[in-house]
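Biologist: Please take me closely through one part of this model, the surroundings of the bound molecules, and then tell me what else you would point out in the fold around them.

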Amino acid sequence: MKILLINTPRSPENRILEFAPEAAKPFIHKKLIGPPLGLMTIAAVVKDHDVLLFDTKGEFDLTPDPPSLAGLVKRLVHEFKPDIVGSTAITSELYYALEIFTEAKKANPRIISVLGGLHPTLLPYDCFHPSVDVVCQGQCPHIFRDVVQALERKSSLETVPGILLNNGSGLIRTEGKPRSWDAANADYLLPDRAPLKKWINAYKVGGSPDPSTYIFTSLGCPYKCTFCSIWPQFKGKYYQRTIESLIAELHSIPDYPVVRFADANTVVDLGFMNALFDRILEEGIRKTIIMDIRADVAAMHPGIISKMARGGLKVVICGFESYRDEDLKKYRKASPASDIAKAIKVFHDNDIMIRGNYVIPNDYSEDDFKALEEYSAGNPVVYAGYTILTPMPGTVFYSQVKKQITDHDYLKYNFFNSVMRTTLSYEKFHERVGSLWLIKSGKDVI
Ligand code: B12
Ligand code: SF4
């Protein structure tokens, strides 16, 4: 079978950037960079077939005058002649996945389109659209392989358990339960990075001359923060990979001196991380490592941070979220605000660069902004990010505030646009969030 996997472009919607003061604009995040780990994994499970993986984010970043998404898909379908087109969707990129399928089917109506990823996992019925034939939920490479094999055998897709099929008036779940799939351990699939070589120069972060790639050491998260999509995606479970599979993968990527751990919450099992970094040091693996670490982990366990710094950890993304304990309790963050200052000290003592991220709720008043400014300036980090507390569909927070949501345009669900009524005027709110980006101790732009 000929399988075309297309990664979606990113949403351009960014009201923080639009309304921010000019001085803050250079520092505001415009894009996150990195190859599509989910689609690379899907490509790996069907590697016996003829697979083309196309990263539109990489393409649009490297091409000064890129064609439209529609033009690109049309060209790919004409040149590659796929039987199946697959795409992936987080909430803010769902419409692009639909556009990809619409264009593919316009070019060849016989193409079967398959959608997977976070948004269809949480809200499969939201993905009902004339262009979508099949929806796959969860960590489902094995199910995708079943779909491909059924199409190859010319069997009905109704024989594939656990998928959703478009019958013209809705998405209908097929009968049966798919077999279990241990995505992090026994069934772990080494992502196929080779097809992304063409865009390797797009995968450079923070002014680094070296390309970076994503590797996950775990999937899911044992915490239950109300605004977070990740624990619902994994139904609250946490899965850890094996140390030796990670060592083998780190050895297998000489082209990528920078490695971004894609874990939602990297340091959960201290024993595991200690052993992993012992092995990284033992093997002489020298990578610049970036990861997400909770403030309470650094505050309570400085020893593991020192060990990881010796093993290459150079940059940490830390969700500070709020300077107020009442907010942190409301978000079920399970880490007090006092951990922020402690964590900053631990990271700085180990020469680790921190990107601290605060989330700004829509009901912030001028006084709240001033208090956060004061707090953030008093607890400086090299880079700080200030994004909007967004009710991502499928989260607890979404169900709590559903009635207050005023904007249902998914393109805006990327943490850079308020989708609820704000206490300050809409423009002023985004302008104030934008001005916060000036508060940091570093001078560079990342
Ligand atoms: C890697 C990553 C990226 C990469 C690659 C994503 C891409 N497709 O281009 C990059 C860096 C580009 C990226 C960008 C963004 N991201 Co991101 N990203 C992640 C991260 C860290 C890991 C995801 C991952 O790779 N998991 C491991 C893989 C193996 O699992 P998976 O992706 O779920 O894929 C499996 C299944 O879902 C399924 N599957 C997936 N696709 C398909 C397709 C088919 C056909 C099939 C059958 C199956 C299938 O099979 C896969 C293998 O088992 C997650 C956080 C996390 N730890 O989960 C956030 C996350 C997904 N990102 C998120 C967001 C919001 C963004 C941004 C919008 C953030 C921003 N404000 O800038 C940007 C995009 C726009 C921009 N401004 O740049 C949110 C999504 C929330 C939501 N509800 O939509 C997450 C959950 C982070 C968070 N804190 O909430 N991201
Ligand atoms: S915000 Fe971080 S700690 Fe909280 S549930 Fe999500 S991944 Fe886990």
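Modeller: What follows starts with the first ligand and its shell, and then moves outward to the second ligand, the aromatic rings and a few single residues.

This is a predicted model, in which local features need pLDDT of at least 70 and side-chain atom pairs count only at pLDDT 80 or more, while totals for chains, interfaces and linings use all residues. Residues are numbered from 1 along each chain as its sequence is written, chains are lettered from A and ligands numbered from 1 in the order in which they are written, and side-chain values use heavy atoms, with hydrogens and water left out.

Ligand 1 is surrounded by 43 residues, the closest being L32, K57, T88, Q139 and N414; a residue is near a molecule if one of its heavy atoms lies within 4 Å of it. By class, this shell holds 22 nonpolar, 15 polar and six charged residues, where Ala, Val, Leu, Ile, Met, Phe, Trp, Tyr, Cys and Pro count as nonpolar, Asp, Glu, Lys and Arg as charged, and the others, Gly among them, as polar. Both domain 1 (2-173) and domain 2 (204-436) contribute residues to the shell, so ligand 1 lies between them; the domain bounds come from an automatic or database assignment. At least two shell residues come from each of α2 (37-45), β3 (84-88), β4 (112-116), α7 (141-153) and α8 (230-233), and α2 gives the most, with five residues. These helices (H or I, at least four residues) and strands (E, at least two) are DSSP runs, numbered from the N terminus.

Several polar contacts, meaning pairs of N or O atoms within 3.5 Å (within protein, one must be able to donate a hydrogen and the other to accept it, and residues adjacent in sequence count only if both atoms are side-chain atoms), can be placed around ligand 1. An oxygen atom of ligand 1 is 2.7 Å from an N or O atom in the side chain of Q139. On the backbone side, a nitrogen atom of the ligand is 2.7 Å from a polar backbone atom of N414, and a backbone N or O atom of A264 lies 3.3 Å from a nitrogen atom of ligand 1.

N414 deserves a second look. It lies in the loop between α16 and α17 and, at 16% relative accessibility, counts as buried, a word used here for under 20% relative accessible area, with exposed meaning over 50% and partly exposed in between (1.4 Å probe, protein chains only). A polar atom of the N414 side chain lies 3.0 Å from the backbone oxygen of E13. The loop between α16 (396-401) and α17 (426-436) also contains K403, which is exposed, with a relative accessible area of 87%. The C-alpha atoms of K403 and M420 are separated by 9.3 Å, although the two are 17 residues apart along the chain.

In strand β3 sits G86, which counts as buried at 3% relative accessibility. G86 and I3 are 83 residues apart in sequence, with their C-alpha atoms 7.5 Å apart in space.

A264 recurs at ligand 2, which is surrounded by C221, Y223, C225, F227, C228, W231, A264 and R294. That shell has seven nonpolar, no polar and one charged residues.

Turning to the rings, the whole structure contains 14 aromatic pairs; rings of Phe, Tyr and Trp (its six-membered ring) pair if their centres lie within 6.5 Å, and planes under 30 degrees apart count as stacked, over 60 as edge-to-face and the rest as tilted. The rings of F54 and W199 have centres 5.0 Å apart and planes at 75 degrees, so this pair is edge-to-face. The pair links distant parts of the chain, since F54 is in strand β2 (residues 50-55) and W199 in the loop between β7 (171-173) and β8 (212-215), 145 residues apart. F54 is buried at 3% relative accessibility, and W199 is buried at 2%. For Y323 and Y375, the centres are 5.6 Å apart and the planes at 35 degrees, so the pair is tilted. Ring pairs link both of these into a cluster with F320, Y358, Y386, F416 and W437.
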